[in-house]
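Hello,

I am passing on the structure we spoke about, for you to open alongside this note. Below it is a short account of the salt bridges found in it.

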Amino acid sequence: MSLSKVVSLFASLFILSVGSAQTFTVKGNASTEVEPVPFANILVKSIKDSAVVKFGITDTLGDFTISGIPNGDYFIQASAVGITKYVTEKFTVNGKDVELAPFPMTPDDQLATVQVVKMRPIIEIHPDKTVFNVDNTLNATGSNGFDLLRKAPGVIIDNSNNIIVEGKAGVQVYIDGKPSILAGDDLINFLKTLQAADIDNIEIITQPSSKYDAAGGAGIINIILKRDKKLGTNGTITAGYAYGKNHHGNGSISLNHRNKKANIYTSYSNSFGKNWNFFNMERTQFGSLYDTETINNNYTGSHNGKIGADWFLNPKHTIGVLASGSYFDSRGEGNTVTNIFTNTSDQTPAQILIADNSGTGLNYNVAGNVNYQFTDTLGHEFSMDADYAIYKREADNYQPNLYLDGSTQDTLFENNYRMLTPTDISIFAVKADYAQNLWKGKLSVGAKFSLVNTDNTFEFFDVQDGVETKNVDRSNTFLYQENINAAYLNYARKFGMKWSIQAGLRAEHTRSFGDLKSTQSTAEDSVRREYINLFPSAGITYMPNRKHMWSLTFSKRIQRPNYQSLNPFVNQSTELSFMKGNPFLQPQYAYNTKLSHTFKYRFTTSLSYSYTEDFFAQVTDTLGVDKSFLTSLNVADQSTINLGLSLPFTIKPWWNVYLSVNAFYSSYLANDPKFTPITQQTVSFYGQNSFLLPGGFKLELSGWFSSPSVWGGTYRTKSMGSFDAAIEKKFLNDRLSLRLAGSDIFFTSFWQADAEFGEVAFIGSGGYESQRIKFNLTYNFGNREVKKTRDRKTSLEDEDKRTGGE
């Protein structure tokens, strides 16, 4: 547009404004007691004849601004999907702009069916949790469940794939309200079977109440899978392709049929492709240097499915069944070269160790749930769940060790091994919860029983000239059983419109027994434990007006060792470097306090303090002169102070922004002379920009950044981050969507770290195939009419996660 046209345009606007009657602006906000009402219809009507004078709509914060209102008497009618219509008292525009008091809108609980017209924000900030709406995130395209955790605000994944929230490790992962039976590599493999198309949202709960299992010192991450709420028959089909260093594919289908009496649903998803990752380490031990470089290439294929049904016997009674399963297949090879220097000052290695590992792995699990729920109009609620799950893992690894002369490259000798490591885990859990109105508040009570059995076999073979001989001295079996009985009570009450309280107490009785069967008898062969813990939680909320809300919470949490961490098996990458479990690892206890302030239900500032006793530190220790191993030890207590900011806001109607910043200070108090205490200040950042572009396109730019931090209590890391971009276009009345996305565009998410423990010092780096371009196609079919759904949780709330680690 030329300068002359711009001048003419502004001149015309000026003349029109002078020649017309003077008008003014009306501002206001529409909110319920707990959150704003975005996209509400605002009608400004004349008192004289109820004629509509102006029309407006609220933004994502519930705010609205309507211009062009002449002098006169008016009222406003506000309405939104799922919200009871609200009508204001009369107000007068008389020579100046008007700002109205916030509208106290209420949800319409009697809503039977609605037409879907409302878009959820990407991030929702609630007093007790942060919700990451995956379906609205373009950059989630083609990602699996584990990759999505890296994109969640305030979440960091360390070099050992532990999950860190607000500077604290020890997160409990839930799937649909129940903790996963898996942990460590097993949990990661399961999360990789979940595709973005399977996931509705991810809840980050840093201060759980006594209703939740006490496990998870840093809180809970609850992954909510999609559950269609539409009447009739409907479904979704997705197909995706990604390319980084290798080709990857994924797909999914979900079907749902719902009427007034029942809801039947099923889903299936898969992914397949080759994956690349690297790991480099320089280890100094007793004056010698071991310089290792590893490249892994693995083919993985995953399948995940579920089928379930709910029967609505009447408005008060509902019963449901659910069956789910997953399968993860991995096979590939790792090429490891270690240059061994007798002295750190040497220029030529004395020896070179080549370990070209190869292996296969299968992971599969099946779970079933039966659920009953009762709810009446007097505030009585009762639910009961029974769950049974089995998990199996089969691993077959060939691990050769070829030693060459560092100068001549001549073969010196070789030691070759094969390891078979099957694992069987079974879990049974049942829980019951009851709540009723009492003393002008709500009292909740409940109980839970869980029993876990694990059977781990480790068969070690020496391989010479292609002949395998079982080494009975290095083979063993580890059996572990754990029983937890829990009961809780929780009371919540409001005092007027400004104050509310919540207080609860949970008691857990734990009995565990670990038994190692081998030819080498040691003090670690049998470990039996029995203990009772009380876990208090409390919170108080003060809301002086609808713009400000203050909250103070406290909770005590526990993080029990996962089952693999207790297993004293040796898992080696080379014969000079391996991992080993610790059957004497004690639970760690966390005491968490958090003060938060929320402005306009969206802008949240928080200050939290956490103290963790018997912290699970990941340490690299020595065995003899040349060997090192990674294990977990209770060698320190951890203190963490965190300042958090969450800022969702709208710059323009077509431009929405979400920013999350956490600045935390971590320190460690050593209780082991070999552990060097570390202090570290860290800032982590997550940002997301969403743009509505002409032509119906939607653009999303997002990224995260973490300054130097501490992982596992011993690893000092350097800065790392990632930048993603995605664009979407919808067709066929929004039923068909095409997404193109790029992840980790500048490949900055790889890690670098150093650590010291006793006589070993280590510098390392690692990363995976995070830089990818992804294409995704999604088609929705069937009825779009939505019916209110029930909240469904099952009884596997802690055990599901602990078959391997964070």
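Salt bridges in the model

R560 and E508 form a salt bridge through their side chains, with 2.6 Å from N to O. R560 sits in the loop between β34 (548-559) and α4 (563-566) and E508 in strand β32, so this salt bridge ties together parts that are 52 residues apart in sequence. R560 and E508 are both buried. Please keep in mind that the model is predicted.

A second salt bridge also involves strand β32. Here R506 pairs with D213, and their closest N and O atoms are 2.8 Å apart. This pair links distant parts of the chain: R506 belongs to strand β32 (residues 499-518), while D213 is in the loop between β18 (199-205) and β19 (219-225), 293 residues apart. Both of these residues, R506 and D213, are buried.

The four residues named so far also belong to a network of salt bridges, which links D213, K448, R506, E508 and R560.

Another pair is E459 and K470, whose side chains meet in a salt bridge at 3.2 Å, N to O. E459 is in strand β29 (residues 441-464) and K470 in strand β30 (residues 467-470), so the pair ties together parts that are eleven residues apart in sequence. E459 has a relative accessibility of 23% and therefore counts as partly exposed. K470 is partly exposed as well, its relative accessible area being 41%.

The count for the model comes to 16 salt bridges, including the pairs R560 with E508, R506 with D213 and E459 with K470.

Regards

Methods: Residues numbered from 1 in each chain as written. Predicted model: local features only at pLDDT ≥ 70, side-chain atom pairs only at ≥ 80, totals over all residues. Heavy atoms only, no water. Helix = DSSP H or I, 4+ residues; strand = E, 2+ residues; numbered from the N terminus. Buried < 20%, exposed > 50% of the residue type's maximum accessible area, 1.4 Å probe, protein only.
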